Amino acid sequence: MNRYMTLNQLGDGTYGSVVLGQNIDTGEKVAIKRMKRKYYSWDEAMNLREVKSLKKLNHANLIKLREVIRENDTLYFVFEYMKENLYQLMRSQSKFFPEQSIRNILYQILQGLAFMHRHGFFHRDMKPENLLCCGPELVKIADFGLARETRSRPPYTDYVSTRWYRAPEVLLHSINYSTPIDLWAVGCIMAELYTFRPLFPGTSEIDQIFKICSVLGTPDKKEWFEGYQLASAMSFKFPQFKRLALNTVVPNASRDGIHLMELLLSWNPIRRPSAQSALRQPYFQVGQIRLSQDVGEVSYAKIGQQKRQPVQLMKSQISLLQSNNNKQLKYEKQWETLANKPIGNKEKTWYDNDADVMVLSKKKLSAKQHYLSVARYVTGRASNFQAAENENMSKSMRNDTFPSVSKVSYGQGDKNKNSKRHGKNEWTSKYLE
């Protein structure tokens, strides 16, 4: 540790504390995590899950471990330094994020998760505090202390992840969960990016299920029979609620954004999309061009894979692509104008109110390939969007729009601090036998 000098404290957790350090030789800033437990051999240190996973995972959206140091039986992890975490970034904002920024953040999170899952690991503790960033342009997944290999055999511990982002199967003490628990957490984080408020701020495990039911409705026994088996094993009865429309809970999200959230927040983990499948959802398919079947279906993503064609045919295809590109830009501007219209009816969102949207939706070209091929969003690079935020967003977006959910504000200190809910004991005894 002689090569580093400590600048200031960054955070303190259950298993270790993190300080901002600087390499004396190069001047490079790093984040140094000091483990509280003593390690008396290198083998013991190298068997840590965090070390095992970070040694195998190298991706632009996963935090990079620079080196591991053991000195006087104390273990230090030296990581690349990131300015802040996603929770701190949300707290520092005076206005809501534009959807383009949220899309960029989620894209990077899902890219990192897809890489993790593809290489046999799942995170188990996804939350805004574990997503490090340098503004919305660069996001990296961090804190792999609870990461597990997908090939490892259950049972797993039933206490994983912070409660607000914990999947229902884990809340019901399942020991056979897998990668879908990470996707549930992404759905919760996605809603929070739109509203700057946690979607399910439960004060206990039972209260957490109560809050989930109050928004998503009581799960259907036919849809998730395993969930009812888990609930029965712990003598728990699901509270009876009707499902709320997510666009009333997250009113500033687009139709494609609501659809993606609904998929990620499926009760049954089998119905949740994988990280790779989520990236193919219409929410991320922007800025692409696809020609219809009758004109040869030439796309940017496949143009390099096609067979060599006559010059005359290639020229006609290029001109056709350019004309369609101009139309696409025209429709995007019209969509942007409609999106920024003030909302007249608080019960409905702009895409429910405006009849012109139905006309535009038919003209708007759909995308075929994964939008990464167009490089509109490039991992680790700032996006080029210039769309302004909606200045006329109603104040109701900042308030709770569904019953039985206590108000939680980022300005009220530690978000993990439990506060006693009024009347909590009344319904707790009702749903527990």
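Select strand 2, residues 16-23, in this predicted model. Strand 2 is mostly covered, with 7 of its 8 residues buried. Buried here means under 20% relative accessible area.

**Neighbours of strand 2**

Add strand 1, residues 4-12, to the selection. Strand 1 and strand 2 are antiparallel partners, paired over 7 bridges. To see where they line up, pick Thr-6, which stands opposite Gly-21 in strand 2. How many residues lie between strand 1 and strand 2 in their hairpin? There are 3 residues between them.

Now add strand 3, residues 29-38. Strand 3 also pairs with strand 2 in the antiparallel sense, over 7 bridges. Here Val-19 can be picked together with Ile-32 of strand 3, which stands opposite. Strand 2 and strand 3 form a hairpin as well, with 5 residues between the strands. Which residue in this hairpin takes a positive phi? Select Gly-27: its phi is near 80°.

While these strands are on screen, keep one rule in mind. In a regular strand, side chains alternate between the two faces of the sheet.

**A nonpolar patch**

Show the surface and colour Met-5, Leu-7 and Ile-24. These residues form a nonpolar patch there, and together they have about 260 Å² of accessible area. Leu-7 belongs to strand 1. Is Leu-7 buried or partly exposed? Leu-7 has a relative accessible area of 37%, so Leu-7 counts as partly exposed.

**Salt bridges**

The structure holds 11 salt bridges. Three stops follow.

For one of them, select Arg-3 and Glu-67, whose side chains meet at 2.8 Å, N to O. This pair links distant parts of the chain: Arg-3 is in the segment before strand 1 and Glu-67 is in strand 4 (residues 65-71), 64 residues apart. Arg-3 is partly exposed, at 39% relative accessibility.

Next, select Arg-37 and Glu-44. Their side chains form a salt bridge of 2.4 Å, N to O. Both ends can be checked against the surface: Arg-37 is partly exposed at 46% relative accessibility, and Glu-44 is partly exposed at 27%.

Then go to Arg-166 and Glu-205, where the side chains meet in a salt bridge of 3.2 Å, N to O. Arg-166 lies in the loop between strand 10 (148-149) and helix 5 (168-171), while Glu-205 lies in helix 7 (residues 205-216), so the pair ties together parts that are 39 residues apart in sequence. Is Arg-166 buried or partly exposed? At 3% relative accessibility, Arg-166 counts as buried. Glu-205, at 24% relative accessibility, counts as partly exposed.

**An open sheet and a helix**

For the last part, hide the salt bridges and select strands 6, 8 and 9. These 3 strands form an open sheet with antiparallel pairing, in the order 6-8-9. Which strands stand at the edges? Strand 6 (84-85) and strand 9 (139-141) do; each has a single partner strand, so one side of each is left without a neighbour in the sheet.

Look at the join between strand 6 and strand 8 (residues 131-133), which run antiparallel and are joined by 2 bridges. Pick Asn-85 to find one bridge partner in strand 8, Leu-132.

Finally, add helix 4, residues 99-118. Helix 4 lies across strand 8 and strand 9. Turn the view to compare directions: helix 4 runs at about 30° to strand 9.

Conventions
Residues are numbered from 1 along each chain as its sequence is written. This is a predicted model: local features need pLDDT of at least 70, side-chain atom pairs count only at pLDDT 80 or more; totals for chains, interfaces and linings use all residues. Side-chain values use heavy atoms; hydrogens and water are left out. Two strands pair if DSSP finds at least two bridges between them. Helices (H or I, at least four residues) and strands (E, at least two) are DSSP runs, numbered from the N terminus. Contact means heavy atoms within 4.5 Å. Axes are lines fitted to C-alpha atoms, for helices over the stretch in contact, and angles run from 0 to 180 degrees between N-to-C directions. Patches are made of residues with over 30% relative accessible area and no salt bridge: like charges are joined within 9 Å, nonpolar side chains (Val, Leu, Ile, Met, Phe, Trp, Tyr) within 5 Å. Accessible areas come from the Shrake-Rupley method with a 1.4 Å probe; for residues, only the protein chains shown count as cover. A salt bridge is a side-chain nitrogen of Lys or Arg within 4 Å of a carboxyl oxygen of Asp or Glu. Buried means under 20% relative accessible area, exposed over 50%, partly exposed in between (1.4 Å probe, protein chains only).
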